[in-house]
Amino acid sequence: MSADELLIGLVFVLITSTLVLLLTIRQKRSSTVPVFRRIAALSKFKRAVSLSVEEGTRIHVSLGNASLTQPASASAFVSLTALRRIGQLSSTGDNPPIATSGDSVLAILSQDILHQVARENHTLDLYDPTHGSLAGVTPLSYIAGALEQMHDPEVKTNVLIGNYGSEVGFLSSYSEEKGAYTLAASDSLPAQAVLYATTENPLIGEELFALPAYLHSTPAHSASLQVQDLLRGLVVLVILVGSILKILGAI
Amino acid sequence: MRSPLIPIISFIVGAIILAGYFFPGSGLAAIRTPMLDWAVTLSGVAGLIAIINLVFGVHWRRLRDSSKDYLFSGLVIFAFLATFALGIFLGPTNPDYQKVVTAIQMPIEASLMAVLAITLAFSSLRLLQRQHNWMGLFFFISVIVYLLLNSGILSFMANIPSLQEVVSSISLVPIAGARGILIGVALGSLLTGIRIWLGSDRPYNG
């Protein structure tokens, strides 16, 4: 990468961080919650979690294969945030959620999160370290392990969030066939296409990264989503202006 | 109240790694590289812990409790111990040991991919049932159109210049769409990273 590109990147990161900080502080002071557009899949998901608590069924959260030392780790962090929130939302139920992952660090972090949620909600008697497990170390062995967890009759809701390949089709197809509610999102293009074809409620593109703000709207999450929308608008504007200038022969 | 110490350490380490990335020629690279090496080493140790948890936490318990499918759990434990012992005894680069991967794991995974092709084809047939809206219809038509375009069945169009241009233009549409999605994913990843860096998202206990 050239020095100019690195400088542009640095400025972009600094401006984005400053915007997130400023908007977070502003929201904390004004105590107003911004209203975001309705995402049907997430509204249905909240209902599915409530139903799961009422019926005493279990939620399975699949965290994907992303390694935390790789660039695809952002989706894994989103899935961990979602796991924490799902754990909190279902804390009044008898069956805490279970999490499967295809990466060892992710598995340990999921155990850590489930333990923390159990401690916060005084449900340590329901906590079992095996509720957060490494299902397999390669993408397909992970799918085999996760399918086994989904096979449990107690599992009636499946959340598939993270980095997958097209093999995620096994998980989503099985979940739909079983009649379980499926919330699915991935940062990978092949997985998004497969999820669109195999599930009723997929999250497409950056909707995955909006998940924390929709599930648990803290000022930081809302501010982050506002900045994301702002930057997206800016990118669209730059592309449009660039295209017009190119058509006009100015660049 | 959660301790602020860990987020502070996390912020400082994140700042050093980030600065080392943006200023590669500076002395920061000398700190950044060992830190990343530590992360990789820790990740390796975590791998061992997670596998031990899977084998002796999940499968050993199933075997002990004689729960449903306990025989499969026994098979997993046997396969793990045999592979582990052979790996220690022969070494991971031994050609015979490599056959564990090339002769067992790869054929199994290849056959799973074949099953996936059928599963996806079957699911695609039910796409319009599931996505009963104009987006679903558009997706379905696009799949058919691009399958036809990429199959080479319309290669005779290469001889008709005006049609060739139309086909080339249509072929570029998925690339534009993919770039649009990837830009959104990149922005989301950036914001997620910043939230973790600033300590507002903590994927760890502390």
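Let's start at one residue in this predicted model: leaving aside residues up to four places away in sequence, A:His60 touches A:Ile98, A:Thr100, A:Ala146, A:Gln149, A:Met150, A:Val155, A:Thr157, A:Asn158 and A:Val159. One of those neighbours, A:Thr100, also makes a polar contact with it, side chain to side chain, at 2.8 Å. As for where A:His60 sits, look for strand β1 of chain A, which covers residues 58-62. Is A:His60 buried or exposed? Its relative accessibility is 0%, and because buried means under 20%, A:His60 counts as buried.

Now hop over to chain B. Here you'll find seven helices and zero strands, so to speak a plain run of α-α-α-α-α-α-α when you read along the sequence.

How does chain B fill space? Its radius of gyration is 26 Å, whereas a compact globule of 206 residues would come out near 17 Å. If you'd rather think in box dimensions, the C-alpha trace of chain B spans about 65 × 55 × 40 Å along its principal axes. Burial is the next thing to check: 24% of the 206 residues in chain B count as buried. On the contact side, take the pairs in chain B that are at least 6 apart in sequence; 36% of those contacts join residues at least 24 apart.

Finally, the surface and the charges. Chain B exposes about 13,400 Å², with carbon and sulfur atoms supplying 76% of that area. Chain B also carries 12 positive and 7 negative charges, and the mean positions of the two sets lie 9 Å apart.

Technical notes:
Residues numbered from 1 in each chain as written. Chains lettered and ligands numbered in written order. Predicted model: local features only at pLDDT ≥ 70, side-chain atom pairs only at ≥ 80, totals over all residues. Heavy atoms only, no water. Helix = DSSP H or I, 4+ residues; strand = E, 2+ residues; numbered from the N terminus. Rg over C-alpha atoms; globule rule 2.2 N^0.38 Å. Buried < 20%, exposed > 50% of the residue type's maximum accessible area, 1.4 Å probe, protein only. Contact = heavy atoms within 4.5 Å. Areas by Shrake-Rupley, 256 points an atom, 1.4 Å probe, with all protein chains shown as cover. Lys, Arg positive; Asp, Glu negative; His and termini not counted. Charge placed at Lys NZ, Arg CZ, Asp CG, Glu CD. Polar contact = N/O pair within 3.5 Å; in protein donor to acceptor, adjacent residues only side chain to side chain.
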